[in-house]
Amino acid sequence: MRKSRVVAILLALVMAVTAAMAGCAPKTDKAAQTGQQSQAQPQSMIERVRKKGELVVGTAPGYYPFEMIDKKGNIIGFDIDIAKEIADALGVKLTVQRYGFDGLIPALQTGNIDVIIAGMTITAKRALAVSFTNPYYATGQVLMVNKNIPNVRSWQDLDKKGYTIGVSLGTTGAMLAKQLFKNATVKDFDIFPDACLALSTGKIHGIVYDEPGVRVYASQHPESVYGVYELMSVENLGMAVQKDDFSSLQWLNSFLYSYKDGPAYKAAVRKWFEEMTWIPEVEIK
Ligand code: ASN
């Protein structure tokens, strides 16, 4: 082979390799520029929140004492205190947005909110749509009964033709009641307080709802309702982020490890569940 031909082949090789490398490199740059990369691997919510300087929490007021509207129109409660602690830890402003309970998961999926903090029970079905943190509170479903029906000890005592059981739309209480009651009618209410009002005025006969909500309501209306506190289910409440945002889950779980059972958490439990000093701030009809 002539020397000039060897040089020509080598040159062609060098050019081909350079072209191949050039062909690869701009693709990566372009992907980064157009954000294609970040679409394929969604940016962590925590990083996004830190960049925009605001945490948007979605909740569904009406679940005493987790989230409630006070007389001034503000949303207050145990969950809102957690949201404040999280926003503080991230050094960002907190915005709490109000939804119907069944609107929370769609709002998270479409990116209208960053995280759900709404006393939401961790369930396998919901976990197909969103990802849950570790639990921050454990509870379960109980019954609340109108006083005109005495001596109710279990849901079976209320499962009779002519009885109506109120539930809050889209909640685990609604799912459980629809599963259990075969003779009584199960009726959906938009929010728990609406079901409570129907119960205390005798329009319905019982309610299936999370124990803390029932305890608060029954303590304020002992003349018309009573709670049956044997748990009908065991439920762990968690926060939810967009499905598979593992990086944000990891941070939120780290937050919970330091917050849960610590002094601020204990003070919040005392305030919202035990001393209930907030009751005068909220109208519990
Ligand atoms: N813990 C219940 C649920 O997840 C009720 C509620 O949060 N309002 O469905």
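Start with the enclosed space: the count comes to 1 cavity of 30 Å³ or more. This is a predicted model.

**Stop 1: the cavity**

The largest cavity has a volume of about 170 Å³. Select Tyr63, Phe101, Ser168, Thr171 and Tyr209; of the 21 lining residues, these are the closest to its centre. Next, colour strand E5 (115–121) and strand E11, the elements that give two or more residues to this lining. E5 provides the largest share, 4 residues. By class, the cavity lining divides into 10 nonpolar, 7 polar and 4 charged residues.

**Stop 2: the ligand**

Now show the ligand and the residues around it. Select Tyr63, Phe101, Ala118, Gly119, Met120 and Thr121, which are among them. Add Arg126, Thr171, Thr172, Tyr209, Asp210 and Leu237 from the same set.

Which atoms of the ligand should you pick for arginine 126 and for tyrosine 209? For arginine 126, pick an oxygen atom: a polar side-chain atom of this residue lies 2.8 Å from it. For tyrosine 209, pick a nitrogen atom of the ligand, 3.0 Å from an N or O atom in the tyrosine side chain. Then turn on the backbone of threonine 172. One of its backbone N or O atoms lies 2.7 Å from an oxygen atom of the ligand.

Keep Tyr63, Phe101, Thr171 and Tyr209 highlighted for a moment. They are among the residues around the ligand, and they are also among those closest to the centre of the largest cavity.

**Stop 3: the second largest pocket**

Leave Phe101 selected, since it also belongs to the lining here. The second largest pocket has a volume of about 190 Å³. Its lining takes in Phe101, Asp102, Ile105, Met120 and Thr123, along with Lys125, Arg126, Gly170, Thr172 and Met175. By class, that makes 4 nonpolar, 3 polar and 3 charged residues. Arg126 and Thr172, from the ligand stop, are in this lining.

**Stop 4: the largest pocket**

Move to the largest pocket, with a volume of about 410 Å³. Select Tyr64, Ile69, Ile191, Pro193 and Glu283, the closest to its centre of the 18 lining residues. Strand E2 (68–69) and helix H7 each supply at least two residues of the lining. Which element gives the most to this lining? H7 does, with 3 residues. The class split is 10 nonpolar, 2 polar and 6 charged.

**Stop 5: helix H7**

Stay with H7 and select residues 192–200. Why is this helix described as largely enclosed? Because 7 of its 9 residues are buried. Pick them out: Phe192, Pro193, Ala195, Cys196, Ala198, Leu199 and Ser200. Pro193 is thus a buried residue of H7 as well as one of those closest to the centre of the largest pocket.

Next, show what covers the buried residues. The cover includes strands E8 (141–146), E9 (164–168), E10 (185–189), E11 (206–210) and E12 (225–228), together with helix H8 (211–220). E11 is familiar from the cavity lining. Just after H7, find glycine 202, which takes a positive phi of about 80 degrees.

**Stop 6: aspartate 88**

Finish on helix H4 (residues 78–90), where aspartate 88 lies. Is aspartate 88 buried or exposed? Its relative accessibility is 61%, so it counts as exposed; the cut-off is over 50%. Last, draw a distance from its C-alpha atom to that of leucine 55. The two are 33 residues apart along the chain, and their C-alpha atoms are separated by 9.9 Å.

Note on methods:
Residues numbered from 1 in each chain as written. Predicted model: local features only at pLDDT ≥ 70, side-chain atom pairs only at ≥ 80, totals over all residues. Heavy atoms only, no water. Buried < 20%, exposed > 50% of the residue type's maximum accessible area, 1.4 Å probe, protein only. Contact = heavy atoms within 4.5 Å. 1 Å grid on protein atoms, 1.4 Å probe; cavity = no way out; pocket = protein on both sides within 12 Å on 5 of 7 lines; lining within 4 Å. Points joined across faces, edges and corners; volume = space filled by probe spheres on them. Nonpolar A, V, L, I, M, F, W, Y, C, P; charged D, E, K, R; others polar. Near = heavy atom within 4 Å. Polar contact = N/O pair within 3.5 Å; in protein donor to acceptor, adjacent residues only side chain to side chain.
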